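Fancy getting to know a protein fold by working through it piece by piece? Have a look at the sequence and the structure first, then try the exercises.

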Amino acid sequence: MSEPREVVVVPRPGHALSARDGLAELLAAYHLRTQEEKGEAVAGVDGLPDRYRAEITDPQVAFAGDAVLLASIGDTVVGCLVVAAPVDGRSEVKRLWTAPEFRGLGVARRLVGAALTHAEESGLSAVRLSVWQWRAGAIALYERLGFTVTGSWDERDRLVCMERSV
């Protein structure tokens, strides 16, 4: 068996995304899984709430002012992360997803690291994120990367809000 190839993370301005970049497929998997975990499973993308379906069908518009990080191994896009446009000197990490068959290879860690570097290079003071409380593995990753739980800015139940200075 051959060694896994290096994980490469490429930042893309949201307005420059294309249908061939693999983001729509990753977002579809992310949103369908999240709906299932919330106990609100839907049969396909058409059953998702409008705001999530819009991200999948037209990510170029949905993330126009954001930075989108795509992780690849070889020619395969295996993960994504959206760095929302900064507000009050902080950016927000959203939509972190690694395709299940590529988990355990450091893809999420590399994506979050690239988001932190992006924030630092942009002169921001902090990065924040929210994560569902049942995603214990993600919370543990964020804590290992220096994020701490902070007061919530989101009114949804079962959401943990975290922040890290850069």
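Below are four short exercises, each with a worked solution.

Before you start: this is a predicted model, where local features need pLDDT of at least 70, side-chain atom pairs count only at pLDDT 80 or more, and totals for chains, interfaces and linings use all residues. Residues are numbered from 1 along each chain as its sequence is written, and side-chain values use heavy atoms, with hydrogens and water left out.

**Exercise 1. Work out the order of the strands in the sheet and find its edge strands.**

Step 1: Get the terms straight. Helices (H or I, at least four residues) and strands (E, at least two) are DSSP runs, numbered from the N terminus. Two strands pair if DSSP finds at least two bridges between them.

Step 2: Read off the order. The sheet is open, has seven strands with mixed pairing, and goes 1-2-3-4-5-7-6.

Step 3: Look at the ends. Strand 1 (7-13) and strand 6 (148-149) each pair on one side only, making them the edge strands.

**Exercise 2. Follow the chain through strands 2, 3 and 4 and describe how they pair.**

Step 1: Take strand 2 (residues 67-73) and strand 3 (residues 76-87). They are antiparallel, with seven bridges, and A71 sits opposite G79 of strand 3.

Step 2: Check the turn. Two residues separate the strands of this hairpin, and G74 in the turn shows a positive phi of about 65 degrees.

Step 3: Go on to strand 4 (residues 90-98). Strand 3 runs antiparallel to strand 4, joined by six bridges. One of the facing pairs is C80 with W97, while V87 has R90 as its bridge partner.

Step 4: Look at the second turn. This hairpin also has two residues between its strands, and D88 has a positive phi near 50 degrees.

**Exercise 3. Pair up strand 7 with its neighbours.**

Step 1: On the strand 5 side, seven bridges hold an antiparallel pairing, with V131 opposite V160 in strand 7.

Step 2: On the strand 6 side, the pairing is antiparallel too, over two bridges. Here V149 is bridged to M162 in strand 7.

**Exercise 4. Place the helices: which strands does helix 1 touch, and how does helix 1 meet helix 2?**

Step 1: Start with the sheet. Helix 1 (residues 23-37) packs on it, in contact (heavy atoms within 4.5 Å) with strand 2, strand 3, strand 4 and strand 5 (126-132). The direction of helix 1 makes about 85 degrees with that of strand 4. For such angles, axes are lines fitted to C-alpha atoms, for helices over the stretch in contact, and angles run from 0 to 180 degrees between N-to-C directions.

Step 2: Bring in helix 2 (residues 50-57). Its axis comes within 8 Å of that of helix 1, and the two cross at roughly 160 degrees. Therefore helix 1 is roughly antiparallel to helix 2 (a label for angles over 145 degrees).

Step 3: List who meets whom. A24, L27, A28, H31 and Q35 of helix 1 come up against Y52, E55 and I56 of helix 2.

Definitions and conventions. Parallel < 35°, antiparallel > 145°, perpendicular 65-115°, else oblique.
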